Amino acid sequence: MTVNAVATDADLAARCQAGDTDAFEALYRQHAPRVYTLACRMAGSNEDGEDLLQEIFLQAYRKMGSFKGESALGTWLYRLALNHCLDYVRSRQAKMNKLTDTLDAGVASFEPLARRDTPIARLDLERALERLPDGCREAFVLHDVEGFDHKEVGRVLGIAEGTSKSQVFKARARLRTLLRGR
């Protein structure tokens, strides 16, 4: 990070903390695409990702005073977004009583609710990710997309390290199948 970027981050953060709506809009425009991509991947749908994006930036607005400048503003915001997404995932897991922890029972019979009628031949990676069961998608995104190791994935999702490895393995296999059009 350059000295200019630090000054820009500090200035932007100070303006946001002072209630400058133009500064917050600049923050939003600069970081919303990356945060939205994370939210969609973690939530499994664009609609839920949009809701999470709004919640994340509302939370950022409320917590802007806690930004101390020890990291880049974008890094702080991304971590805030990741934590919010993980809270969403944990909440959903609790509601579902962890029914999707493994795919062992009937991988072939799984028919996702989202995008059922989308031809598999036209699926891109994002749509294929949406078709994964929640547990597999979450472990895959955290491990393969965000770069967490399996021990960290297990800690974050409240599952064993071995379960993380299994979920990522099954997610990769399912993605290969979906993307090949089988």
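## A walk through the helices

Start by selecting Tyr28: at 35% relative accessibility, this residue counts as partly exposed. Keep in mind as you click around that you are looking at a predicted model.

**The aromatic corner**

With Tyr28 still highlighted, add Phe57. At 4% relative accessibility, Phe57 counts as buried. A search of the whole structure turns up four aromatic pairs. Tyr28 and Phe57 make one of these, edge-to-face, with 4.7 Å from centre to centre and 65° between the planes. Tyr28 belongs to helix α2 (residues 21-43) and Phe57 to helix α3 (residues 46-63), so the pair ties together parts that are 29 residues apart in sequence.

Next, select Phe67 and Trp76. Their ring centres are 5.7 Å apart and their planes stand at 65°, so this pair is edge-to-face. Are Phe67 and Trp76 buried or exposed? Both of them are buried.

Now go back to Tyr28 and Phe57 and bring in Phe24 and Tyr61. Ring pairs link Phe24, Tyr28, Phe57 and Tyr61 into a cluster.

**Around helix α2**

Stay in helix α2 and pick His31, which has its place there. His31 is buried, with a relative accessible area of 15%. Which residues does His31 contact, once its neighbours within four places in sequence are left aside? They are Phe57, Gly74 and Leu77. You have met Phe57 already, as the ring paired with Tyr28.

For a charge over a ring, show Arg34 together with Tyr78. The charged end of Arg34 sits over the Tyr78 ring, 3.8 Å from the ring centre.

**A glycine in a loop**

Select Gly69 next, in the loop between α3 and α4 (73-96). Gly69 is partly exposed, at a relative accessible area of 45%. Put a distance label between its C-alpha atom and that of Ala13: the label should read 8.3 Å, for two residues 56 apart along the chain.

**Two stops in helix α6**

Jump to helix α6 (residues 134-145) and click Arg137, which lies in it. Buried or exposed? Arg137 is buried, with a relative accessible area of 2%. What sits across from its side chain? The backbone oxygen of Arg41 lies 3.3 Å from a polar atom of the Arg137 side chain. Expand the selection to everything Arg137 touches, not counting residues up to four places away in sequence, and you get Arg41, Met42, Ala43, Gly44, Arg92, Leu129, Glu130 and Leu132.

Phe140 is also in helix α6. Phe140 is buried, with a relative accessible area of 9%. Leaving out residues up to four places away in sequence, Phe140 touches Leu129, Val145, Val168, Ala171, Arg172 and Leu175. Leu129 should look familiar, since Arg137 touches Leu129 as well. Another distance to label is the one from the C-alpha atom of Phe140 to that of Ser164: 8.4 Å, with the two positions 24 residues apart along the chain.

**The two sides of α7**

Select helix α7, residues 150-157, and colour its buried residues: His150, Val153, Gly154, Val156 and Leu157. Why do they end up on the same side of α7? They cover an arc of only 165° around the axis, which puts them there. The general rule behind this kind of pattern is that an α-helix has 3.6 residues a turn, so residues three or four places apart point the same way.

Now spin the view to the face of α7 turned away from that buried side. The exposed residues Lys151 and Arg155 are carried there.

Finish with the two ends. Asp149 caps the N-terminal end of α7, with a side-chain oxygen 3.1 Å from the backbone nitrogen of Lys151. Just after α7, select Gly158 and check its backbone: phi is positive, about 75°.

**Zooming out**

Clear the selections and show the whole protein as a cartoon. How many helices and strands are there? The secondary structure comes to eight helices and zero strands, so to speak a run of α-α-α-α-α-α-α-α along the sequence.

Colour by burial, and 41% of the 182 residues should light up as buried. Switch to a contact map and keep contacts between residues at least 6 apart in sequence: 65% of these join residues at least 24 apart. Last, turn on the surface. The protein exposes about 10,200 Å², and carbon and sulfur atoms supply 51% of it.

Technical notes. Residues are numbered from 1 along each chain as its sequence is written. This is a predicted model: local features need pLDDT of at least 70, side-chain atom pairs count only at pLDDT 80 or more; totals for chains, interfaces and linings use all residues. Side-chain values use heavy atoms; hydrogens and water are left out. Buried means under 20% relative accessible area, exposed over 50%, partly exposed in between (1.4 Å probe, protein chains only). Helices (H or I, at least four residues) and strands (E, at least two) are DSSP runs, numbered from the N terminus. The arc is that of the directions from the helix axis to the C-beta atoms. A polar contact is a pair of N or O atoms within 3.5 Å; within protein, one must be able to donate a hydrogen and the other to accept it, and residues adjacent in sequence count only if both atoms are side-chain atoms. Contact means heavy atoms within 4.5 Å. Rings of Phe, Tyr and Trp (its six-membered ring) pair if their centres lie within 6.5 Å; planes under 30 degrees apart count as stacked, over 60 as edge-to-face and the rest as tilted. A charge sits over a ring if NZ of Lys or CZ of Arg is within 6 Å of the ring centre and within 35 degrees of the ring normal. Accessible areas come from the Shrake-Rupley method with a 1.4 Å probe; for residues, only the protein chains shown count as cover.
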